[in-house]
Each structure stands twice: as structure tokens, then as C-alpha cells.
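This short report looks at charged side chains and at one helix, and it is best read with the structure in view.

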Amino acid sequence: MANNSPIGVYDSGLGGLTVWREVRRALPTESLVYLGDGKNCPYGSRPREEIVRLADEAVARLVAEGCKMVVVACNTATAAAIDFLRAKYASLPIVGMEPAVKPACLATRTGIVGVIATERSLDGDLFRRTAARYGEGIKVITAPGRGFVELVEENREESDEALETVHRVVDGMVAEGADQIVLGCTHYPFLMSALRRVVEGRNISIIDPSPAVARRVAQLLEKFSLAADPRQTPTYQFITFADEEYRLRLERKALSSL
């Protein structure tokens with residue numbers, strides 16, 4: 001039996017729209033509710049306990065909106081809170097952000113992989129476990145994407161400052177021979193243009209985990225018989241803990257990325 005309830009997608013701000021976009025492309029008949037916190041963004045350097053509280057409030061809001069599944073489209077919130085959320089909302093399928101270290105380690109030719117993420121994500125157990133499991137014999141270089149989230153939140157992805165900021169983070173990885181660069185925050189794919197310019201002319205792959213997350217959502221819809229009626233006309237709702245101006249920014253950025 002079809003389930004036409006929406007899928008909830010949550011992030012600290014605008015970044016999770018990169019995941020929202022991939023879920024929409026992969027599942028065009030599914031309705032979506034996107035919650036971009038906005039009020040408390042960025043999360044990257046906040047204490048773990050605070051992030052858990054914020055994530056709990058967000059998932060509770062999406063449950064109240066009638067969501068049948070929640071995608072925590074925030075690497076920092078996933079690293080800090082995913083176990084807590086899955087325990088508290090045990091009857092709700094919850095998809096988190098896996099650091100795409102595995103595909104990078106399997107694909108590297110130089111044996112050197114770069115990972116850009118928030119400080120909280122890089123310090124999390126999930127990243128450490130994944131890097132230890134798949135990074136044997138691989139040199140994994142990590143760097144916090146300082147300034148990346150702020151550039152995206154301020155719609156300055158195409159600015160000269162964005163290019164300079166990306167250079168500061170990525171140049172060291174390139175110099176050390178990384179041929180795979182993992183984007184460990186959902187805000188970062190919005191800087192793809194600047195990232196590609198920085199690695200232009202080099203045989204370097206930039207890995208965005210969003211398509212893999214969309215595939216996981218599709219798998220769970222099938223597993224739990226939650227898929228919408230294929231004849232449904234989907235709806236897209238945008239909500240925030242910030243003000244109406246921010247909500248409208250979420251909506252505009254989402255629809256401009258289609």
C-alpha cells in the first residue's frame with residue numbers, strides 16, 4: 001500500500017539542500033519537507049551535547065509534520081547525534097550522512113585521500129571508525145573547511161573570496177598528492193565550481209556523498225513499504241527555526257538548483 005506522507009530532510013542550514021536535490025531527482029513522486037535550522041547555523045564547532053539537543057528538536061518538528069522518514073542531511077549532526085536519534089525515534093527510519101571515505105580509499109591511485117569536513121565531524125567516532133576500517137595502507141589527510149559554510153549561507157559561492165578560501169584548504173592536499181577529495185559537509189558541494197577550478201588540470205576526483213544518500217533513501221522506502229503512489233503529485237515544504245526571510249532563502253535556493 002502506498003504511503004504519501006513526506007520525507008523529512010534536515011540540516012543546520014542551506015547545505016542539506018544538496019541532499020534534498022538528489023533525493024528529489026531520484027524519487028520524483030515523493031513529497032519532501034526540508035528543515036533548515038538557520039537560527040543556530042553553523043554547527044561545526046558547537047559542543048556535542050548542544051548539537052544532540054538541536055538535532056532532537058529538528059527531528060521532533062519533522063515528526064510533527066507527519067514525516068515517514070528523516071534524512072539527517074548534516075554531517076556534523078550525524079556524527080554527534082545519529083545514535084541518540086535512532087534510539088529515541090526507533091520506529092522512524094533515519095538516514096545519516098556517511099563520510100565517503102570508503103569509495104575514496106577504494107578508488108585512489110596515489111594512496112592519498114583528502115577529507116574536508118567540519119571540526120566536529122572530523123572528531124567524531126563515525127569518521128574515525130570509517131577511516132580506520134577502509135584507510136589501511138592509505139594516507140588520509142584531513143582539514144576543516146573553515147569559512148566554507150559561511151560562504152554558502154551568505155550566497156557567496158562564486159566570489160573571489162570563495163576561490164581563495166578553497167585554495168587555502170585544498171592546496172596542501174593537492175601538494176601532498178591526494179587524488180581523491182571527500183566533501184564531508186553537505187554545504188560543501190555548493191562550492192563545487194571553486195573546488196573544480198582549484199584542481200583544474202589535475203586528475204583529482206571530488207566526491208559528493210549526496211547521490212549515495214538518495215540511493216539509501218530509496219532502499220529504505222522499499223524495505224519498509226513506504227514508497228509513495230507513483231501517480232502522486234509531490235509537494236515541497238520548507239521550514240526553519242529562523243525567520244521568514246531565511247525560509248524564503250531556503251525555498252529559492254532549492255528551486256534554483258533544480
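## A network of charges

Which residues are linked with R120 in a network of salt bridges? In this predicted model, the network joins R120 to D123 and R128. The count of salt bridges comes to 17, and some of the individual pairs are described below.

## Salt bridges between pairs

In helix α2, which covers residues 48-64, E57 and R53 are four residues apart and therefore separated by about one helical turn. An α-helix has 3.6 residues a turn, so residues three or four places apart point the same way. The side chains of E57 and R53 meet in a salt bridge, at 3.1 Å from N to O; E57 is partly exposed, with a relative accessible area of 37%, and R53 is also partly exposed, at 43%.

E161 and R156 form a salt bridge through their side chains, at 2.1 Å from N to O, where E161 is partly exposed at 39% relative accessibility and R156 is partly exposed at 25%. In the salt bridge of D229 with R231, the N to O distance is 2.9 Å; here D229 counts as buried, at 16% relative accessibility, whereas R231 counts as exposed, at 71%.

## Helix α3

Helix α3 runs over residues 75-88, and because each residue should add 1.5 Å, its 14 residues should span 20 Å, which agrees with the 19 Å between its end C-alpha atoms. There is nevertheless a kink of about 70° in α3, centred on A81. A81 is also one of the buried residues of α3, which include N75, I82 and L85.

Technical notes:
Residues numbered from 1 in each chain as written. Predicted model: local features only at pLDDT ≥ 70, side-chain atom pairs only at ≥ 80, totals over all residues. Heavy atoms only, no water. Helix = DSSP H or I, 4+ residues; strand = E, 2+ residues; numbered from the N terminus. Expected span 1.5 Å × (residues − 1). Bend = angle between axes of the 7 residues up to and from the residue. Buried < 20%, exposed > 50% of the residue type's maximum accessible area, 1.4 Å probe, protein only. Salt bridge = Lys/Arg side-chain N within 4 Å of Asp/Glu carboxyl O.
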